[in-house]
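Please open the model in your viewer, and keep the sequence panel beside it so that each selection can be followed in both.

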Amino acid sequence: LTIVSMLSVPQVFIRPKEREAEADAAREKFFVAESDHLTLLNVYTQWRMNGRSAGWSTEHFVNHRAMKKVVEIREQLCDIFVSNRMAITSCGTNWDPVRKALASGFFHHSARRKGMGEYVTMLTGIPCFLHPSSALYGLGTVPDYVVYHELVMTSKEYMNTCTAVEPEWLPEVASRFFSVKEGHTARLQGQKRVREEMEAMQSEVASVAASNRPSSSPSCKQRIVTPGHGPTPLRSPGVFARPRTPHL
């Protein structure tokens, strides 16, 4: 709610002429290294913890009028949640769920890294860059995948308000648009596993078929004994014919 409200107002930070360096230094104190969206959340949290003071806003180069508008928008959003019986919960200090929610909402504004500070949008292939004012711009290692709020065209196509996201989140939240590309090694391992499973299945089928096959060797009752080759099988007394009684 807070981030959406912060995105709904004009620039939160002010940058007066002849005090640009001082304003930039004050802004960097709020930076969250992996996200400009979380930086906005941090600004709101700090402003609220300091009593929503106009003096505090002036000292830290924060647009106090814009922050008051943020409060109004946030209250309206809260009323909408309550009227629709939707629970409002907080993730606390664990901000990964927030980044994943941003990936779900801005997947159509996702970009992957092409070079140092250079990106290309994943759905349209437009080259774009991190803005120098972004919290991600000064990192030693820029993230491979980001989502952004909007593109701003000046001398270059810049991404405004970015957040680093994990690559596996995009196929999870937008499976119709993204898929995980399987590496060569993983593909070979998968093929080997399928072959092993097929061989095991074929071996099991052959084993079952062999156990159900009737025996080809004749039974004892069907055996024909050749004279002089092996013992003669015993006969039951009823097999012999009864001798006839001679008539006198």
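Begin by selecting N42, a residue that lies in helix α3 of what is, throughout this tour, a predicted model. Is N42 buried or exposed? With a relative accessibility of 16%, N42 counts as buried, because the cut-off for that class is under 20%.

Keep N42 displayed and add the segment that precedes the helix in the sequence, starting with F30 and V32, both of which are in contact with N42 once its neighbours within four places in sequence are left aside. If you then show the backbone of F30, you will find its oxygen 3.1 Å from a polar atom of the N42 side chain. Next select F31, which is 11 residues away from N42 along the chain, and whose C-alpha atom is separated from that of N42 by 7.9 Å.

Now widen the selection to the whole of helix α3, residues 36-49, and bring in β4 (145-153) together with β5: the helix lies across both strands, and runs at about 70° to β5.

From β5, extend the view to the remaining strands of the sheet, which forms a closed barrel of five strands in the order β1-β2-β3-β5-β4, with mixed pairing. Within this sheet, neighbouring strands are turned against each other by 55° on average, direction ignored.

As a last stop, isolate β3, residues 127-130, and β5, residues 157-164, which pair in the parallel sense over two bridges. Which residue of β5 does L130 stand opposite? Selecting M159 gives the partner, since it is M159 in β5 that stands opposite L130.

Key. Residues numbered from 1 in each chain as written. Predicted model: local features only at pLDDT ≥ 70, side-chain atom pairs only at ≥ 80, totals over all residues. Heavy atoms only, no water. Pairing = 2+ DSSP bridges. Helix = DSSP H or I, 4+ residues; strand = E, 2+ residues; numbered from the N terminus. Axes fitted to C-alpha atoms, helices over the stretch in contact; angles between N-to-C directions. Contact = heavy atoms within 4.5 Å. Buried < 20%, exposed > 50% of the residue type's maximum accessible area, 1.4 Å probe, protein only. Polar contact = N/O pair within 3.5 Å; in protein donor to acceptor, adjacent residues only side chain to side chain.
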